[in-house]
Amino acid sequence: MHADLKDVIPISSSAVPRKAPSSTLISSNPGLRSVWRAVQMVAGTHSSVLIQGETGTGKELVARAVHDESPRKHGPYVKLNCAALPAGLAESELFGHERGAFTGAVGRTDGRFQQAHGGTLFLDEIGELPLELQPKLLRILQEQEYERLGGSRTVRVDVRLIAASNEDLQQMVLQRRFRADLFYRLNVFPIYIPPLRHRREDIPLLVRHFLRTLAPRVNKEVTEIADEALEVLKRWEWPGNVRELQNVIERAVIQSSGQRLEIPIDELMARACSNASMTQTLAEAERSIILDVLEQTDGVISGPNGAASRLGLPRTTLVSRMQRLGIVQRRTVLSDRGAAQPAVQGAERGDRDGVAIRATPS
């Protein structure tokens, strides 16, 4: 089985569950321990779950953990990647079809919802679901019923839905790329999985785990890794997250000839330095663009002519990015309406340093 993450390794004994989970997560990081606590909290309910995180962080594994820890664990667990659905077949794949519903429909077919009856349906990359099908999905979530494509008979199902996305669905709602009512119905219990670069202390645990599981598959006895190699691995940004780390370790295991894992350190160090330089360059470019737009709007963030609107961002997203880039709130000035408003100030930007930036009401 292809795995992104496999075991929970809590720091303290008090975090060890009495019963070992059938689907588990490796981490010593508080972020993933909070994910596991969230799984335990929601598993016993019938609520919808929305899992968000970057590609390769282990969203499918968390979905499986919710199912395996739930009363539905003896029922079917059905998964479907919405991004892989051909537009013309998406409705049939989800809801099934009657004979003659379209050319080639020679018999009645049950869709994924019917297959998951009594269990769990995991819809990965839910943001890719066609807009025209989203009202039908909303109806199932609300009423647990639907009609097959080409049919008129109502089909009732008992299905727990878990959805996942590597995109910001709330941002997609603002861009009218995803229905707001469906988002709020899916977002009953959100779970966010932090990227690997935010929990670098997990990398040694993951590496050792992958050595234990991958080496036997390729008939190797690789059991060790040099400390300097681990340090290089910890410096890499891992844009592909745990999946990328697993692939690197698997390739290194195949290339290794002894008990010690042979990782091309020079290559990884070059990649790490290149990635760090690129990250810094992108951050500088982003900061420069935001400061330019703020200058054009006379510091106004909100409103139809504000910086957030010009950048195509929600106000809260822009404020968050400003804080991350060192454009922080410093003092209060008066807006055009005469009301006190928060102001922000640029940092390390030549003659723009110290320029007060007004924020209009939301």
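Select Gln 144 in this predicted model. Gln 144 follows directly after α5 and takes a positive phi of about 55 degrees. From there, step back into the helix itself. Which residues of α5 are buried? They are Gln 134, Lys 136, Leu 137, Leu 138, Ile 140 and Leu 141. To see what covers these buried residues, display the surrounding elements, which include α3, α4 (112-115), β3, β4 (145-147), β6 and α7.

**The core around α5**

Next, colour the largest nonpolar core, which has 32 residues. Within this core, the members that touch the most others are Phe 113, Leu 123, Ile 126 and Phe 178. At least two core residues come from each of β2 (77-81), α3 (90-95), β3 (120-124), α5 (134-143), β6 (160-165), α6 (169-174) and α7 (180-186). Helix α5 provides the largest share, with 4 residues. In soluble globular proteins, nonpolar side chains tend to be buried together.

Now centre the view on Phe 113. Beyond its neighbours within four places in sequence, Phe 113 is in contact with Leu 94, Phe 95, Leu 121, Leu 137, Ile 140, Tyr 146, Val 157 and Val 159. Two of these partners, Leu 137 and Ile 140, are also listed among the buried residues of α5. Another core lies apart from the largest one. This other core has 24 residues, among them Phe 210, Ala 226, Leu 230 and Leu 233.

**Glu 125**

Before leaving this region, select Glu 125, found in the loop between β3 and α5. Its phi is near 50 degrees, a positive value in a residue other than glycine. Is Glu 125 buried or exposed? With a relative accessible area of 15%, Glu 125 is buried, because the cut-off for that class is under 20%.

**Helix α8 and its two partners**

Select α8 (residues 203-214) together with α10 (residues 241-255). The two helices pack at an angle of about 50 degrees, and their axes are 10 Å apart. This angle makes α8 oblique to α10. The crossing of α8 past α10 is right-handed.

Show the side chains on both sides of this contact. Helix α8 contributes Ile 203, Leu 206, Val 207, Phe 210, Leu 211 and Leu 214. Helix α10 contributes Val 242, Leu 245, Gln 246, Ile 249, Glu 250 and Val 253. By class, the residues of this contact comprise 10 nonpolar, 1 polar and 1 charged.

Keep α8 selected and add α9 (residues 227-235). The axes of α8 and α9 come within 10 Å and cross at roughly 120 degrees. This crossing, too, is right-handed. Here Ile 203, Pro 204, Val 207 and Arg 208 in α8 meet Leu 230, Leu 233 and Lys 234 in α9. The contact of α8 with α9 divides into 5 nonpolar residues, no polar ones and 2 charged. Ile 203 and Val 207 take part in the contact with α9, and both are also listed in the contact with α10.

**Trp 238**

Move along the chain from α9 to Trp 238, which lies in the loop between α9 and α10. Trp 238 has a phi near 50 degrees, a positive value in a residue other than glycine. The relative accessible area of Trp 238 is 0%, and the residue is buried.

**Gly 53**

Turn now to Gly 53, placed in the loop between β1 (49-52) and α2 (59-68). Gly 53 is buried, with a relative accessible area of 8%. Which residues does Gly 53 contact, leaving aside its neighbours within four places in sequence? The partners are Lys 59, Ser 165, Asn 166, Tyr 192 and Ile 193. Add Pro 195 to the selection: this residue is 142 residues from Gly 53 along the chain, yet the C-alpha atoms of the two are separated by 7.0 Å.

**Gln 296**

For contrast in accessibility, select Gln 296, found in helix α11 (residues 265-296). Gln 296 counts as exposed, at 54% relative accessibility. The C-alpha atoms of Gln 296 and Arg 310 are separated by 9.9 Å, and the two residues stand 14 residues apart along the chain.

**The whole chain**

Finally, zoom out to the full model. The protein contains 13 helices and 10 strands. Of its 362 residues, 46% are buried. Among contacts with a separation of 6 or more, residues 24 or more positions apart account for 66%.

Technical notes. Residues numbered from 1 in each chain as written. Predicted model: local features only at pLDDT ≥ 70, side-chain atom pairs only at ≥ 80, totals over all residues. Heavy atoms only, no water. Core = buried A, V, L, I, M, F, W, Y, C linked by side-chain atoms within 4.5 Å. Buried < 20%, exposed > 50% of the residue type's maximum accessible area, 1.4 Å probe, protein only. Contact = heavy atoms within 4.5 Å. Axes fitted to C-alpha atoms, helices over the stretch in contact; angles between N-to-C directions. Parallel < 35°, antiparallel > 145°, perpendicular 65-115°, else oblique. Left-handed = near helix turned anticlockwise from the far one by under 90°. Nonpolar A, V, L, I, M, F, W, Y, C, P; charged D, E, K, R; others polar.
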